[in-house]
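Biologist: I'm new to this one and would like a close look at a single part of it. Could you pick up the charged patch on the surface and walk me through it, then show me how the rest fits around it?

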Amino acid sequence: MTDRPVAVVTGASSGIGATTARALAAAGFAVVLGARRVDRCAHIAAEIDGIAVRLDVTDQESVDAFAAAVPDCRLLVNNAGGAHGLEPVAEADVEAWRWMFETNVLGTLRMTKALLPALVASGDGHVVTVTSVAATEVYDNGAGYCGAKHAQSALHRTLRGELLGQPVRLTEVLPGLVETDFSLVRFDGDAEKAAKVYRGLTPLSADDVAEVIAFAATRPPHVNLDQIVVKARDQATATRTYRRDT
Ligand code: NAP
């Protein structure tokens, strides 16, 4: 797999990460898929001639071991993340907030720090970070997730300046509603609550977002797509949607 440029995708066991791994392989990358459910990654890796390596972005030892298995890297997709809970600040669950900040923010920090030397050394590196419309908006009951995505976005955008002059591009992808396991995770496995999030509208699919990431990754080295907001037509803002009667 060494003759192809190497792309690392975090959170590649499901949703946007899984479809991004497939889209990048189709675009000619050798993909290294990382997540805690490495069996799922291995299944996808076998289909796309990639490799699967167990990764917990909240655990520095796991990140170090992952990075040691990836000596060359041209593209890092910081996708691992998600939300836990939907409560007002007055009733916030501190542990849920800790999970969101550890995974979305510190996970992105750990992975970016670990792979930056290889990205720079490649001579044509690229970091894509999947944040959210929650990185630019706030909504009632969403302070934990919005706070984490704002912080993840700030980290990513800061790098754009710090790496100026280095051969590394930086792209932030900010999706709106995408139908994945995201809401199932957010509502702790409550499928009925999760389904309600998408009821009456046509959300984005994980493939829709993967195609955007693959497009950004396949521009010529001098072309940097800084920020890409991608939403369903039925969604105007984080909270304003059009729902048909169901
Ligand atoms: P998903 O299907 O739940 O996927 C989340 C992925 O993150 C899984 O592969 C999961 O893998 C991984 N992950 C979670 N904790 C991890 C950890 N500690 N270490 C490594 N991997 C971890 O949801 P998704 O919608 O595809 O989410 C992908 C990204 O898109 C997230 O950053 C999310 O915030 C963002 N996003 C989603 C939406 C949406 O509406 N779906 C909208 C905007 C932004 P394991 O559990 O196997 O570790």
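Modeller: Here is the patch, followed by the chain as a whole and two spots in its loops. Keep in mind that this is a predicted model. The patch is one of positive charge, and Arg36, Arg37, Arg40 and Arg54 come together there on the surface. Let's zoom in on Arg54, which sits in strand β3, a stretch covering residues 51–54. Its relative accessible area is 45%, so Arg54 counts as partly exposed, a label for values between the 20% and 50% cut-offs.

Now step back to the chain that carries this patch. It has 8 helices and 9 strands. With a radius of gyration of 17 Å, close to the 18 Å that the globule rule gives for 246 residues, the chain is as compact as a globular protein of that length. Its C-alpha atoms fill a box of roughly 50 × 35 × 35 Å along the principal axes, and buried residues make up 50% of the 246.

Finally, a look at the backbone in two loops. Most residues other than glycine have a negative phi. Asparagine 141, though, has a positive phi near 75 degrees. You'll find Asn141 in the loop between β5 (125–130) and α5 (143–162), where it is partly exposed at a relative accessible area of 33%. Aspartate 188 isn't a glycine either, and its phi is positive at about 55 degrees. That residue lies in the loop between α6 (182–186) and α7 (191–198). Asp188 has a relative accessible area of 71%, so it counts as exposed.

Key: Residues numbered from 1 in each chain as written. Predicted model: local features only at pLDDT ≥ 70, side-chain atom pairs only at ≥ 80, totals over all residues. Heavy atoms only, no water. Patch = residues over 30% accessible without salt bridge, like charges linked within 9 Å, V, L, I, M, F, W, Y side chains within 5 Å. Areas by Shrake-Rupley, 256 points an atom, 1.4 Å probe, with all protein chains shown as cover. Salt bridge = Lys/Arg side-chain N within 4 Å of Asp/Glu carboxyl O. Lys, Arg positive; Asp, Glu negative; His and termini not counted. Charge placed at Lys NZ, Arg CZ, Asp CG, Glu CD. Helix = DSSP H or I, 4+ residues; strand = E, 2+ residues; numbered from the N terminus. Buried < 20%, exposed > 50% of the residue type's maximum accessible area, 1.4 Å probe, protein only. Rg over C-alpha atoms; globule rule 2.2 N^0.38 Å.
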